[in-house]
Amino acid sequence: MTPVYSTHLVTDAREFAELAPAWGRLYQKCGAATPFQSHAWLHSWWLSYGRTGRLRLLVVRDGRELVAAAPLMLVRRPVPALVPLGGAISDYGDVLLDDEHGDPAVVALTEGLASAARTALIDFREVRPGGAVERVYDHWRGPRRRVHDSLCLELPAVPMSELVARLPSSKAQRVRAKLRKLTALGVERHVVQPDGVDSALRRLLELHQLQWQGRKVTSEHLQTRFCEHLVRSVGPMVRSGDAVVTEFRLDEDVVAVDLTLLSRRLAGGYLYGAHPRLRERKADVAVMLLDACAEHTGADGSRTLSLLRGDEPYKHHWRPEPVVNQRLLLARRRTAPLMSAVVCDVAARRRGKAILRKWRERGGDGP
């Protein structure tokens with residue numbers, strides 16, 4: 001019997017909260033899902049960052065069971081658009097699709113999105129290659145465009161010893177020496193149990209602020225709303241296996257805390273805080289954190305070890321593979337001009353960055 005799918009647009013935060021159990025089952029059935037599509041992360045984000053009247057969460061059901069969901073919100077600027085929940089603090093945006101359901105469920109979600117968009121552009125930012133929303137893009141009947149978004153760096157899901165073995169011999173020797181140094185210092189790591197997660201995260205943010213004191217830091221990480229979101233979301237994620245919080249102790253003191261997010265295909269170090277005394281003791285914090293994160297990739301190699309967004313030089317020491325997130329723009333005929341405006345803006349920003357980079361390479365002395 002062919003399933004009959006129904007679509008429903010959720011605009012009420014209370015109804016969003018009540019979807020948690022069904023959302024969790026759908027999340028587990030979507031192989032492409034990242035932790036940033038979990039209900040705990042998205043609902044908490046909405047409580048901290050959402051604006052009344054802007055929630056646009058499209059769900060598709062087969063009977064009473066969720067088979068697809070697009071967690072979106074309406075924004076007015078720079079153009080009217082439906083954008084993924086999660087915002088700038090989420091490294092990946094996507095929809096959820098039950099892998100056991102075929103194209104008819106995708107079609108139902110696609111048609112529901114076209115109806116929900118009305119006079120707004122649909123703008124999916126930070127889609128990881130292979131994301132579920134690519135299936136929606138393939139079925140979209142109106143104007144559409146795909147442009148590059150942020151760069152992510154990824155490593156194979158192998159133990160730390162194999163990550164080190166991938167390096168040139170001289171670099172590998174230095175990393176092994178740094179690992180021995182951590183052992184000699186007596187740095188111990190402990191996975192935090194669910195009842196200790198809240199206090200560990202607050203300690204993480206304290207250490208994060210301390211480590212960046214006097215330097216440029218992501219200002220949002222210092223905001224109360226970010227702290228509230230992190231504490232509220234990560235506890236449930238730890239209990240469901242979607243996150244791991246690790247404390248590092250030196251001389252009985254917690255000197256570092258790391259938050260690693262997990263999904264079926266991904267393990268990624270999201271945020272950490274480290275006391276400056278670690279560097280004073282010649283401990284390599286990056287090596288320490290990667291060693292801990294590599295433990296959570298899984299023995300079967302099913303997960304990718306992601307360094308998430310950012311092209312920082314220290315990440316390249318590990319010879320990662322560059323993976324570019326995609327930005328998928330979906331329009332109806334009446335909103336095609338909005339899509340053209342966004343594409344032009346993306347191109348102009350890219351040209352501006354290229355000009356600025358060349359200017360800096362010349363020493364900033366002008367043409």
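**Exercise 1. Determine which arginine lies over the face of tyrosine 137, and which one sits over the ring of tryptophan 212.**

Solution. Arginine 146 lies over the face of tyrosine 137, at 4.7 Å from the ring centre. In this predicted model, a charge counts as sitting over a ring only within 6 Å of the ring centre and within 35 degrees of the ring normal. For tryptophan 212, the charged end above the ring belongs to arginine 215, 4.4 Å from the centre.

**Exercise 2. Classify the aromatic pair of phenylalanine 16 and tryptophan 23, then the pair of tryptophan 41 and tyrosine 270.**

Solution. Step one: the whole structure contains six aromatic pairs. Step two: phenylalanine 16 and tryptophan 23 are 5.9 Å apart from centre to centre, with 55° between the planes, and the pair is tilted. Both phenylalanine 16 and tryptophan 23 are buried. Step three: the planes of tryptophan 41 and tyrosine 270 stand at 85°, with the centres 5.3 Å apart, so this pair is edge-to-face. Step four: because tryptophan 41 belongs to helix H3 (residues 39-49) and tyrosine 270 to strand S11 (residues 266-274), the pair ties together parts that are 229 residues apart in sequence. Step five: tryptophan 41 has 0% relative accessibility and therefore counts as buried; tyrosine 270, at 12%, counts as buried too. Finally, Trp41 and Tyr270 belong to one aromatic cluster with Phe36 and Tyr92.

**Exercise 3. Locate the partners of the salt bridge between aspartate 123 and arginine 327, and state whether they are buried or exposed.**

Solution. The two side chains meet at 2.6 Å, N to O. Aspartate 123 lies in strand S6 (residues 121-127) and arginine 327 in strand S13 (residues 321-330), so that distant parts of the chain, 204 residues apart, are linked. Aspartate 123 and arginine 327 are both buried.

**Exercise 4. Assign burial to each partner in the salt bridges of aspartate 149 with arginine 125 and of lysine 315 with glutamate 312.**

Solution. The cut-off for buried is under 20% relative accessible area, and that for exposed is over 50%. The closest N and O atoms of aspartate 149 and arginine 125 are 2.6 Å apart. Aspartate 149 is in strand S7 (residues 144-155) and arginine 125 in strand S6, 24 residues apart. At 17%, aspartate 149 is therefore buried, whereas arginine 125, at 34%, is partly exposed. For lysine 315 and glutamate 312, the closest N and O atoms are 3.1 Å apart. Lysine 315 is buried because its relative accessible area is 4%; glutamate 312, at 32%, is partly exposed.

How values were computed
Residues numbered from 1 in each chain as written. Predicted model: local features only at pLDDT ≥ 70, side-chain atom pairs only at ≥ 80, totals over all residues. Heavy atoms only, no water. Salt bridge = Lys/Arg side-chain N within 4 Å of Asp/Glu carboxyl O. Helix = DSSP H or I, 4+ residues; strand = E, 2+ residues; numbered from the N terminus. Buried < 20%, exposed > 50% of the residue type's maximum accessible area, 1.4 Å probe, protein only. Phe/Tyr/Trp six-rings, centres within 6.5 Å; stacked < 30°, edge-to-face > 60°.
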